[in-house]
Protein chains: 2
Amino acid sequence: MKARIHITLKKGVLDPQGKAIANALSHLGFDGVEEVRQGKYIEIDLAGSDSTQARAKLDAMCAQLLANTVIENYAVELEA
Amino acid sequence: MKARIHITLKKGVLDPQGKAIANALSHLGFDGVEEVRQGKYIEIDLAGSDSTQARAKLDAMCAQLLANTVIENYAVELEA
């Protein structure tokens, strides 16, 4: 079973990496860039086929290791 | 106009960051993790409403700055 996890900074948390990308894009001549936010994207292949169990496990993985829930949100998508 | 960009390592390219996550998960007691790949996720707010133009611009941004197309793939999704 394949899971896709998006980890993004919460609204209001400064994103210096996103700001750096926005600056670099403007230096390269790309206009009209209003905001850039950078997050993480993680793909996990899990053994087993119980999606309820997988979702609970992925939730625990995010809370314990993958995301810093003080400043980050995470979203888990499961593929069949 | 909001764009979501996923940047992932091409198949066959080693992903030490993904391997480190897989090891850490196994040390934390999560079993059944077969593979982990880490990529980047970037959200860009663009001025204007011409989606064809926006897509061309985002493509150029990825090729010139955001992705290393030798080892990475990118995918652009546009939101209305």
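1. The largest nonpolar core, meaning a set of buried Ala, Val, Leu, Ile, Met, Phe, Trp, Tyr and Cys residues joined through side-chain atoms within 4.5 Å, has 18 residues in this predicted model, where buried stands for under 20% relative accessible area with a 1.4 Å probe and protein chains only. The residues with the most contacts inside this core are A:Ile5, A:Ile42, A:Ile44, A:Leu58, A:Met61 and A:Leu66. At least two residues each come from strand 1 (2-9), strand 2 and helix 2 (51-66) of chain A, and from helix 1 (16-27) of chain B, while helix 2 of chain A gives the most, with five residues. Helices (H or I, at least four residues) and strands (E, at least two) are DSSP runs numbered from the N terminus.

2. A second, separate core of 17 residues includes B:Ile5, B:Leu46, B:Leu58 and B:Cys62.

3. As to provenance, the model is predicted, so that local features need pLDDT of at least 70 and side-chain atom pairs count only at pLDDT 80 or more, whereas totals for chains, interfaces and linings use all residues. Residues are numbered from 1 along each chain as its sequence is written, chains are lettered from A and ligands numbered from 1 in the order in which they are written, and side-chain values use heavy atoms, with hydrogens and water left out.

4. The six strands of an open sheet follow the order 3(A)-1(A)-2(A)-2(B)-1(B)-3(B) with antiparallel pairing, two strands being paired if DSSP finds at least two bridges between them. Strand 3 (72-79) of chain A and strand 3 (72-79) of chain B stand at the edges with a single partner strand each, so one side of each is left without a neighbour in the sheet. Within chain B, strand 1 (residues 2-9) runs antiparallel to strand 3 and is joined to it by eight bridges, and B:Lys2 stands opposite B:Glu79 of that strand 3.

5. Between chain B and chain A, 30 residues of the former are in contact (heavy atoms within 4.5 Å) with 30 residues of the latter. The buried area, which is the accessible area (1.4 Å probe) that two parts lose on being put together, summed over both, is about 2700 Å², and carbon and sulfur atoms give 64% of it. B:Phe30, B:Tyr41 and B:Asp45 supply 20% of the area that chain B buries against chain A, more than any other three residues.

6. Two salt bridges, each a side-chain nitrogen of Lys or Arg within 4 Å of a carboxyl oxygen of Asp or Glu, are found across this interface. The side chains of A:Lys57 and B:Asp31 meet in a salt bridge, at 3.3 Å from N to O.

Key
Buried < 20%, exposed > 50% of the residue type's maximum accessible area, 1.4 Å probe, protein only.
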